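Thank you all for making time this morning. I would like to walk you through a structure that is new to most of us, and I will try to take it slowly.

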Amino acid sequence: VAGGLPGPGHLGGLEESVQAVRREHGATLRPGDVYGHNDPYDGGTQRPDITVVTPVFVDEGAEPGFFVATRVRHGDVGGSVPASMPPDSTTVDEEGVALKTLLMVRDDGLRETEILDLLVAEPWPVRNPRQLIGDLSAQIAANARGARDLRRMAGLFDGGEVRSSMERIREEAAESVRRVLDGMADGTCSVPVDGVAVIKVRVTVDKEARRATIDFTGTSAQHDGNLNAPPALCRAAVLSAVHDLVDDGAPPNTGYLDPIDIIIPDGCLLNPRPPAAVAAGAVVVAPRAAEALRGALGIAGTGAATTTSIALGNDTHQHFETVGGAPGFLSSVLATGLVDAEVLERHLPVVAETCAMLGSNRDPGDPDSGNGILRRLRFREPMTVAVLACRGTGGYGRTRLERSGGKTVDLGSGAKIEAGPGDVLVVELPGQDGGR
């Protein structure tokens, strides 16, 4: 799989999504094909995260020599709320339309009618299907560029040599992890998930085999709501933590997982059975899984102390972002940053009144540590607001809606509310010490 540098949350399941396309269409793949996939139970993470997969044929082979894949978090893929992140979902179908290895392009022609029919299907159609098709077309174009460059390399150096080079990159990543395992001890850790569940992990190192087993046995059973993370997100959490152990400057790739055996009990929080909802998997559950694993590995935690995901939208505009506490961005599994105020105001009917860092006790050696976030967005037209939030090691955040008439509504850790013109959404997240 060739591509750019995705965050661990996307990279963890990217390869599995490619394998899903190979399993379903291996016998019929041909040049000019492109597939879309977002099934959380087969390599995906959540419905809004759509993976676009392009087989690449070189050396006049009958089978693809490579695959190019991109995964993008889209603004809206349907579901019960705009931006497709309902805080109260109990099934995955409430979180957007399903693209299961969907053939989107054949013979270099976009199958727009077939895609559109799927996007507008009831009961929860995509709110802006033409925009989504445009965004998918951008992914298709990005894949086409990658496929073109791969064919060019294969023409210059031979396809077999290019594949060998890719395998060497993967093997170098695996060997980097083996070197770390040589000096690592066994460990265990448990981390609560918002007071309703617990993630447990045990790391066992086999020094002779230079392998490790990461076992999540003991993790709570799957949640009746959406506090569930599909296996691809659990793999992403493992990849994130393992990559933190390796200081070789190499781009993250799934070779880091080759010396790792991952055990995730069926039906637990990290391996739910369909059709369980998974909206909170990426923003709440997976970061806690990475935190637990870092504890078992004996390494310092990284990433936001508290995370809050905000979905805003109506029939015309939709927006989703995850806001991190200290130090103002999300490392760890999600690896995302805040959307610029200018971008928000250009694309949404909002006024970004405040986008500020909150100071707290800071590490003198790290000028970015300890900061929290204050975000105030004033609405210029009616919009639905959906909030999913969790508490991390830094303390509690607070999300509220200040009504134009003076009343304030505390949105807690999960809420859905209608906002009107003049209302202000306030997101306040703590620094590392939970204070300001």
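I will begin with the chain as a whole, then turn to one sheet, to a pair of helices, to some salt bridges, and finally to a few backbone details.

Please keep in mind from the start that what you see is a predicted model. The chain is made up of 7 helices and 18 strands, and of its 436 residues, 53% are buried. If we take the contacts between residues at least 6 apart in sequence, 69% of them join residues that are at least 24 apart.

Let me turn to the sheet. It is an open sheet of 5 strands, in the order S12-S13-S18-S15-S16, and the pairing is antiparallel. The edges are taken by strand S12, residues 350–358, and strand S16, residues 408–410, and because each has a single partner strand, one side of each is left without a neighbour in the sheet. From one strand to the next, the twist averages 15 degrees.

Starting from the S12 edge, S12 pairs with strand S13, residues 372–379, in the antiparallel sense over 8 bridges, and within this pairing Ala-356 has Leu-374 in S13 as its bridge partner. Further along, S15 and S18 run antiparallel and are joined by 5 bridges, with Arg-400 facing Val-426 in S18 as its bridge partner. At the other edge, S15 and S16 pair in the antiparallel sense over 3 bridges, and here Leu-401 has Val-409 in S16 as its bridge partner. These two strands, S15 and S16, form a hairpin with 5 residues between them, and in its turn Gly-406 has a positive phi of about 115 degrees.

The sheet also leads us to the salt bridges, of which the structure holds 28. One of them joins the side chains of Glu-428 and Arg-400, at 3.5 Å from N to O. Glu-428 lies in strand S18, residues 424–429, and Arg-400 in strand S15, residues 398–402, so this pair ties together parts that are 28 residues apart in sequence. Both Glu-428 and Arg-400 are buried, and they also belong to a network of salt bridges that links them with Glu-353, Arg-376, Arg-378 and Glu-402.

How does that compare with other pairs, you may ask, and I have picked two. Arg-210 and Asp-182 meet through their side chains in a salt bridge of 3.1 Å, N to O. This pair links distant parts of the chain, since Arg-210 sits in the loop between strands S7 and S8 while Asp-182 sits in the loop between helix H4 and strand S6, 28 residues apart. Arg-210 counts as partly exposed because its relative accessibility is 25%, and Asp-182, at 37%, counts as partly exposed as well. In the second pair, Arg-288 and Glu-291 form a salt bridge of 2.9 Å, N to O, and because they are 3 residues apart in helix H6, residues 281–297, about one helical turn separates them. Arg-288 is buried, with a relative accessible area of 6%, whereas Glu-291, with 26%, is partly exposed.

Now to the helices H3 and H4. Their axes come within 7 Å and cross at roughly 110 degrees, and H3 and H4 are therefore roughly perpendicular to each other. Where they touch, Leu-150, Met-153, Ala-154 and Phe-157 in H3 meet Gly-159, Glu-161, Val-162 and Met-166 in H4. The residues of this contact divide into 6 nonpolar, 1 polar and 1 charged.

In the loop between H3 and H4 lies Asp-158, and its phi is near 85 degrees, a positive value in a residue other than glycine. Most residues other than glycine have a negative phi, and most peptide bonds are trans. Thr-101 also has a positive phi, near 45 degrees, and Thr-101 is found in the loop between strands S3 and S4. Which of these counts as buried, and which as partly exposed? Thr-101 counts as buried because its relative accessibility is 8%, while Asp-158, at 43%, counts as partly exposed.

Lastly, there are cis peptide bonds to point out. One joins Glu-122 and Pro-123, with omega about 10 degrees, and Pro-123 lies in the loop between helices H2 and H3. Another joins Pro-274 and Pro-275, again with omega about 10 degrees, and Pro-275 is found in the loop between strand S9 and H6.

How values were computed
Residues numbered from 1 in each chain as written. Predicted model: local features only at pLDDT ≥ 70, side-chain atom pairs only at ≥ 80, totals over all residues. Heavy atoms only, no water. Salt bridge = Lys/Arg side-chain N within 4 Å of Asp/Glu carboxyl O. Helix = DSSP H or I, 4+ residues; strand = E, 2+ residues; numbered from the N terminus. Buried < 20%, exposed > 50% of the residue type's maximum accessible area, 1.4 Å probe, protein only. Axes fitted to C-alpha atoms, helices over the stretch in contact; angles between N-to-C directions. Parallel < 35°, antiparallel > 145°, perpendicular 65-115°, else oblique. Contact = heavy atoms within 4.5 Å. Nonpolar A, V, L, I, M, F, W, Y, C, P; charged D, E, K, R; others polar. Pairing = 2+ DSSP bridges.
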